[in-house]
Amino acid sequence: MSTGKVDVLLGLQWGDEGKGKVVDVLTPHYDVIARFQGGPNAGHTLEFNGEKYVLRSIPSGIFQGGKINIIGNGVVLAPDLFMAEAQELEKSGHDLKRRLHISKKAHLIMPTHRVLDAAYEAAKGSGKVGTTGKGIGPAYTDKISRNGLRVGDIFDGFAEKYAAHKARHEAILQSMHYTNYDITEAEQRWMEGIDYMRQFEIVDSEHEINHLLQTGKSILCEGAQGTMLDIDFGSYPFVTSSNTITAGACTGLGIGPNKIGHVYGIMKAYCTRVGAGPFPTELFDETGKKIRDLGHEYGAVTGRERRCGWIDLVALRYSIMINGVTQLIMMKSDVLDTFDTIKACVAYKQRGEVINHFPYDIEHDIEPVYETLPGWKTDMTGFTSEAQFPAAFKQYIAFLEAQLATPIKIISIGPDRNQTIIRE
């Protein structure tokens, strides 16, 4: 019996690295695409054939005919948002009912989770985390405190289970004096979403995935957000509520660690962050604004302006280490096409001492130590091979590979599927 392979694809920075496009580029080489964590707070944007799609909960492999796409147990799912997303795709001619499988063990985001999200953020005052307000945190909180409602529950005594969970949430909101909300409409839409979900293959995904592997199928695990937002290893407390790292693919899908082969780490040629939290290389000047405008750095789901800065190699080395990254993928290289010089943070200065490792606290007394490289001053968006790269860009790649001790395998020079150069 032949054994299949599992590769993992994830973001190495603060999310928004361009994972959707890369999954779409890599999908032809895999039989199955599986999302292993996160919820509808992550938007993966894909552009091809002049069309633009934003996926939130559905794996990015859905556009490649005949592939199985799995929403794993580590994901939290909002039925109403899932329905809206799936119906939009069905309208554009993508048949999901047969190809998209949902884990029974994935947790459901209830309408009251969103109200709780708003209430908790309001209570934090100036210490806001900057959540997307989609109810992700409260849904994961319920999961960890063993109070969660799961996809598998929709087939057995669901009305009673739902009512009990809702009553518990309402009691919490009452105790917080947060009572000025109305979920009547949202709840109705949510219940429609539940009925809609029942039309899909709802599966024991851990059994399905391991069976697929035993029959020689190859699986690409798709992460959401980025490593620096990981609940354990990110810039806590300004993080998401799940494990965004390679280990999250094991717990979020039920795969043994010995099954994992390649780990593709995605990074931008610079760095961005959405919402609150520390960001050592953030630029508050014209350069930061220029990167934002050229890179169209606005959230796919929220439309929020992304904070922009130079690439942070201290944070990237850390991400590569904890994920076991075997190949790097660099996105948005073309955004830096017009710059005279480009900076890269190679170390931090903390309390007067130069450090190369990523410390426990990056919020206080962190000053980036930069190296400056020459810009390539060339429009690369129309390039079709590595041979066309200007010398200064080749120098930037070589510098990054030396600093990160990991090969850069794929380079993206524009948003379209075709603007992707795979290095030999």
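Visitor: Which residues in α3 meet which residues in α4?

Guide: A good place to start, bearing in mind that this is a predicted model. On the α3 side they are His-113, Leu-116, Asp-117 and Tyr-120, and they meet Ile-136, Pro-138, Ala-139 and Asp-142 of α4. By residue class, this contact has five nonpolar, one polar and two charged members.

Visitor: How should I read the geometry of that pair: at what angle do the axes of α3 and α4 cross?

Guide: The axes cross at roughly 105° and come within 7 Å. Angles of 65 to 115 degrees count as roughly perpendicular, and therefore α3 and α4 are described as roughly perpendicular to each other.

Visitor: Let's try another pair. At what angle do α3 and α5 pack, and how far apart are their axes?

Guide: Helix α3, residues 111-124, packs against helix α5, residues 158-175, at about 15°, and the axes are 10 Å apart. Angles under 35 degrees count as roughly parallel, so α3 is roughly parallel to α5.

Visitor: Is the crossing of α3 and α5 left-handed or right-handed?

Guide: For α3 and α5 the crossing is left-handed. From α3, the contact draws on Pro-111, Thr-112, His-113, Val-115, Leu-116, Ala-119 and Tyr-120, while α5 contributes Tyr-162, Lys-166, His-169, Ile-172 and Leu-173. Sorted by class, the residues of this contact are eight nonpolar, three polar and one charged.

Visitor: Now the backbone. What is the usual expectation for phi and for peptide bonds?

Guide: As a general idea, most residues other than glycine have a negative phi, and most peptide bonds are trans. With that in mind, look at Arg-146, in the loop between α4 and α5. Arg-146 is not a glycine, yet its phi is positive, at about 65°.

Visitor: And which peptide bond is cis?

Guide: One to look at is the bond from Tyr-236 to Pro-237, which is cis with omega near 5°. Pro-237 sits in the loop between β10 (219-222) and α8 (246-253).

Visitor: I would like to finish with a pocket. What is the volume of the second largest pocket?

Guide: The second largest pocket has a volume of about 240 Å³. Its lining has 14 residues, and the closest to the pocket centre are Gly-234, Ser-235, Tyr-236, Tyr-360 and Asp-361. You have already met Tyr-236, on one side of the cis bond to Pro-237.

Visitor: How do the residues of that lining divide into nonpolar, polar and charged?

Guide: The lining of the second largest pocket is made up of nine nonpolar, two polar and three charged residues.

Conventions:
Residues are numbered from 1 along each chain as its sequence is written. This is a predicted model: local features need pLDDT of at least 70, side-chain atom pairs count only at pLDDT 80 or more; totals for chains, interfaces and linings use all residues. Side-chain values use heavy atoms; hydrogens and water are left out. Axes are lines fitted to C-alpha atoms, for helices over the stretch in contact, and angles run from 0 to 180 degrees between N-to-C directions. Helices (H or I, at least four residues) and strands (E, at least two) are DSSP runs, numbered from the N terminus. Angles under 35 degrees count as roughly parallel, over 145 as roughly antiparallel, 65 to 115 as roughly perpendicular and the rest as oblique. A crossing is left-handed if the near helix is turned anticlockwise from the far one by less than a right angle, and right-handed if clockwise. Contact means heavy atoms within 4.5 Å. Ala, Val, Leu, Ile, Met, Phe, Trp, Tyr, Cys and Pro count as nonpolar, Asp, Glu, Lys and Arg as charged, and the others, Gly among them, as polar. On a 1 Å grid over the protein atoms alone, a cavity is a set of points where a 1.4 Å probe fits but cannot get out, and a pocket is an open set with protein on both sides within 12 Å along at least five of seven lines; lining residues have an atom within 4 Å of a point. Grid points are joined across faces, edges and corners, and a volume is the space filled by probe spheres set on the points.
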